[in-house]
Amino acid sequence: MRSILIFLVGINTALAVVPVTHVPNDGEPVEVKSWLVTGPSPSPVLQKKDQKDARRAAYYTGKGIDIGYPRTVQRPDGTLVTVFDFNNHVGKIDGMARVPLNGQDLREVWSTPWKVDITHTVCPTENHLNIDVAHLWPNRLSGDQSSGDGPNIAWTTWNPCKADSPLLESGLRGPVQFVSQESFPMVDYHVHLKGGLSLEEAKTWALAHGLRYGIAQNCGVNFPVTDDTGLREYVEIMRGQGVYVGMQAEGREWVELFSTEAMAQFDYIFTDAMTWRNNEGKRMRLWVKEETVIGEPETFIDMLVDRIVWILDNEPIDIYANPTFLPAELAGRYDELWTTERVDRVISAAVRNGVAIEINAGLKLPKPAFIKRAKKAGATFSFGTNNGGKQDLGNLEYCRQMIDECGLAPADMFVPKPDGQKAIQRKSLPKRKF
Ligand SMILES: [Zn+2]
């Protein structure tokens, strides 16, 4: 991926049309030097520039700046990350701004980071971006008290602003950057709307932290969705929301609960190997101490590896989540119990089935040695937090560490498959075994 940086330089720039004719190389900033000001503008800034009514301009309050410029964006591939960055270096807004792109409101910005991600709204050809800035109003209150400035425009029950009060910086202050940047695709495919977390909150968090989200519903016995109707309802709600729509397949029963057609509506399906029946037929959820019978640890972990390999070979999933998880009682012996032979059995099964291995930020699993070995074997990876609510939405800290420590590249990462190539469409549903 390449970098395209476009600086919109200027303090209190008014309505402008900026033709972009040069697509820079990686990291090369392009300064837009000439501003072509067009059309009648309500902006006081324009008047200020022309020295026609500088004082009136200085006192301006309300929506004042409207920058619109059509530009041509070359997208080398479908994964270009484009960030509209208000605040790299010194640029900022004193006030608030609304940023519609191609007629679609992206978000309102009123604090740091002064940044809007336009990746998923930008078109491959011509785009129209506005920045509507609402100015601060103390300047207007001061201006109203100056003689010869017409009738008062603003009114308040208590007015601390005098005619000679110093004017505040107000409006958009450059530079503004339009950035296409080399970036690692930080997608969290394992986010749940639970614990009071709303979709809007999740999206706001993702945007503020430079993440993209896949939001998954838990589907299976004793989970919110247990049939095709529930699947369809969930997809209906989530479609078009700018997030990937994920299905977390629960327990081993899921393969017998839902139809291929209903599941194929999801962007991806993932499961973990934390729920299964042991050789005595006892159903265990490995994170629940009371349900988990361990017995002899070596025998137990061999059984666990058998289950993982069976799941990867037979269940039509795109991602193996919460990988290499061990019950609390054995977690301290992770390095000893996850022998090279066991690790390799799991990795081979993932690779031969085209199943991505989740790097789980919450559990901090798998450990780096596993990830390095899996990368060497040609595995792909996804990132996930498996949040329980709002409080544990993170910044994929562990995943970022693993990118560096294990030398992961964007090409190592899972990308949801197009229709027709999803795991659920490649593999038939098996009969439950464990
Ligand atoms: Zn989950």
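How many bridges join strand β14 to β15, and do the two strands run parallel or antiparallel? Three bridges join strand β14 (residues 187-191) to β15, and the two strands run parallel. This is a predicted model, in which the mean pLDDT of the protein is 77 and 67% of its residues reach 70 or more. The points below take up the strands around β15, the nonpolar core, helix α11 with the loops on either side of it, two further loop residues, and the stretches where confidence falls.

**Strand β15 and its partners**

- Strand β15, which spans residues 212-219, is mostly covered, since seven of its eight residues are buried.
- On the β14 side, aspartate 188 stands opposite tyrosine 213 of β15, and the chain passes from β14 through helix α4 (residues 199-208) to β15 in a β-α-β crossover that is right-handed.
- Strand β16 (residues 244-249) is joined to β15 by six bridges, and these two strands run parallel; within this pairing, alanine 216 has glycine 246 in β16 as its bridge partner.
- A right-handed β-α-β unit is also made by β15, helix α5 (residues 228-238) and β16.

**The largest nonpolar core**

- The largest nonpolar core holds 71 residues, of which Tyr213, Ile215, Ile269, Ile317, Ile319, Tyr320 and Ala350 touch the most other members.
- Helix α7 (residues 297-314) contributes the largest share of this core, namely seven residues.
- Tyrosine 213, leaving aside neighbours within four places in sequence, is in contact with Asp188, Val191, Ala202, Ala206, Val243 and Tyr244; one of these residues, Asp188, is also the residue that stands opposite tyrosine 213 in the strand pairing.

**Helix α11 and the loop before it**

- Helix α11 (residues 368-376) has Phe370, Ile371 and Ala374 as buried residues, and because these fall within an arc of 95 degrees when seen down the axis of α11, they line one face of the helix.
- The buried residues of α11 pack against α10 (340-352), β21 (356-360) and α12 (397-406).
- In the loop between β21 and α11 lies proline 366, and the peptide bond that leads from leucine 365 to proline 366 is cis, with omega near -10 degrees.
- Lysine 364 lies in the loop between β21 and α11, where its phi is near 55 degrees, a positive value in a residue other than glycine; lysine 364 counts as partly exposed because it has 14 C-beta neighbours inside 10 Å.

**Backbone features after helix α11**

- Just after α11, glycine 378 takes a positive phi of about 95 degrees.
- Asparagine 386, placed in the loop between β22 (381-384) and α12, has a positive phi of about 55 degrees although it is not a glycine.
- With 19 other C-beta atoms within 10 Å, asparagine 386 is partly exposed, because a residue is buried if 20 or more such atoms lie within that distance.

**Two loop residues and their contacts**

- Threonine 324 lies in the loop between β20 (319-320) and α8 (328-331), and this residue is buried because 22 other C-beta atoms lie within 10 Å.
- Not counting residues up to four places away in sequence, threonine 324 touches Trp338, Leu365, Pro366 and Phe370; among these, Leu365 and Pro366 are the two residues joined by the cis peptide bond, while Phe370 is one of the buried residues of α11.
- The C-alpha atoms of threonine 324 and valine 305, which are 19 residues apart along the chain, are separated by 8.8 Å.
- Isoleucine 294 lies in the loop between β19 (283-285) and α7, and counts as partly exposed because it has 18 C-beta neighbours inside 10 Å.
- Beyond residues up to four places away in sequence, isoleucine 294 touches Phe300, Pro327, Glu329 and Leu330, and its C-alpha atom is separated by 9.6 Å from that of asparagine 278, 16 residues apart along the chain.

**Where confidence is low**

- Over residues 1-54 the pLDDT stays under 50, and for this stretch the model has 113 contacts beyond four places in sequence.
- Residues 64-91 likewise have a pLDDT below 50, with 93 contacts in the model beyond near neighbours in sequence.
- Where pLDDT is low, the predicted coordinates should not be read in detail.

Conventions:
Residues are numbered from 1 along each chain as its sequence is written. This is a predicted model: local features need pLDDT of at least 70, side-chain atom pairs count only at pLDDT 80 or more; totals for chains, interfaces and linings use all residues. Helices (H or I, at least four residues) and strands (E, at least two) are DSSP runs, numbered from the N terminus. A residue is buried if 20 or more other C-beta atoms lie within 10 Å of its own, exposed if 12 or fewer, and partly exposed in between; C-beta atoms are placed from the backbone. Two residues are in contact if their C-beta atoms, placed from the backbone, lie within 7 Å. A nonpolar core is a set of buried Ala, Val, Leu, Ile, Met, Phe, Trp, Tyr and Cys residues joined through C-beta atoms within 7 Å. Two strands pair if DSSP finds at least two bridges between them. A crossover is right-handed if, with the strands pointing away from the viewer, the path from the first strand over the helix to the second runs clockwise. The arc is that of the directions from the helix axis to the C-beta atoms. pLDDT is the predictor's confidence in each residue, from 0 to 100.
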